[in-house]
Amino acid sequence: MSVTVRIPTILRTYTGGNAEVSGEGATLRDVLAKLDADYPGIGARILDESGKIRRFVNVYVGEEDVRFAEGLDTAVPQGTQISIIPAVAGG
């Protein structure tokens with residue numbers, strides 16, 4: 001299943017500067033695995049050593065925050081947009 005993955009500026013060095021890339025998979029886990037295979041190293045910036053989404057990274061499938069859905073097992077319908085958004089600190 002083909003989806004679009006929006007890449008934040010800080011991770012675009014992995015995607016050759018592309019703000020959006022194509023992804024494939026039935027679940028978010030599948031899409032992120034394929035993303036890391038296509039763009040080596042990007043997965044380690046999104047997932048921690050235990051394979052969970054990093055604490056300060058937010059991931060949306062469509063409009064849904066995956067932390068409130070099925071996490072990495074969230075279904076990814078064809079044509080969906082996935083957004084990876086690093087948390088911003090400041091005051």
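In which helix does glycine 43 lie? Glycine 43 lies in helix H2, one of the elements of a predicted model. At a relative accessibility of 12%, this glycine falls under the 20% limit and therefore counts as buried. Its C-alpha atom is 17 Å from that of threonine 74, and the two residues are separated by 31 positions in the sequence.

The wider architecture places this helix in context. Two helices and five strands make up the secondary structure of the chain. Their order along the sequence is β-β-α-α-β-β-β, with the two helices following the second strand and preceding the last three. As for overall dimensions, the C-alpha trace extends over about 40 × 30 × 25 Å along its principal axes. The radius of gyration is 12 Å, which agrees with the value near 12 Å for a compact globule of 91 residues. Of the contacts with a separation of 6 or more, 52% join residues that are 24 or more positions apart.

The interior may be considered next. Buried residues account for 34% of the 91 residues. The largest nonpolar core has 21 residues, and those touching the most other members are Val5, Leu28, Leu35, Ile46 and Ile82. Two or more residues of this core come from each of strand E1 (2-6), helix H1 (28-38), helix H2 (42-46), strand E3 (57-61) and strand E5 (81-86). Helix H1 makes the greatest contribution, with four residues.

Isoleucine 46 shows how one of these core members is surrounded. When residues up to four places away in sequence are left out, isoleucine 46 touches Leu11, Leu32, Leu35, Lys52, Ile53, Arg54, Val57 and Ile84. Leu35, among these partners, is itself listed with the core residues that touch the most other members.

Burial also extends to residues with polar side chains. Serine 83 is found in strand E5, and it counts as buried because its relative accessibility is 8%, under the 20% limit. Apart from residues up to four places away in sequence, serine 83 has contacts with Arg6, Asn58, Val59 and Tyr60.

Threonine 15 belongs to the loop between E1 and strand E2 (20-24). Is this loop residue buried or exposed? With a relative accessible area of 3%, threonine 15 is buried. Its contacts, again not counting residues up to four places away in sequence, are with Ile7, Val21, Tyr39 and Ile42.

Alanine 37 offers a contrasting case. It lies in helix H1, yet its relative accessible area of 57% is over the 50% limit, so alanine 37 is classed as exposed. Between the C-alpha atoms of alanine 37 and leucine 47 the separation is 14 Å, for residues 10 positions apart along the chain.

The surface and the charges complete the account. The chain exposes about 5500 Å², and 50% of this area is supplied by carbon and sulfur atoms. There are 9 positive and 12 negative side chains. The centres of these two sets are 7 Å apart.

Note on methods:
Residues are numbered from 1 along each chain as its sequence is written. This is a predicted model: local features need pLDDT of at least 70, side-chain atom pairs count only at pLDDT 80 or more; totals for chains, interfaces and linings use all residues. Side-chain values use heavy atoms; hydrogens and water are left out. The radius of gyration is taken over C-alpha atoms; the globule rule is 2.2 Å times the number of residues to the power 0.38. Buried means under 20% relative accessible area, exposed over 50%, partly exposed in between (1.4 Å probe, protein chains only). Contact means heavy atoms within 4.5 Å. Accessible areas come from the Shrake-Rupley method with a 1.4 Å probe; for residues, only the protein chains shown count as cover. Lys and Arg count as positive and Asp and Glu as negative; His and the chain ends are not counted. The place of a charge is taken as NZ of Lys, CZ of Arg, CG of Asp or CD of Glu. A nonpolar core is a set of buried Ala, Val, Leu, Ile, Met, Phe, Trp, Tyr and Cys residues joined through side-chain atoms within 4.5 Å.
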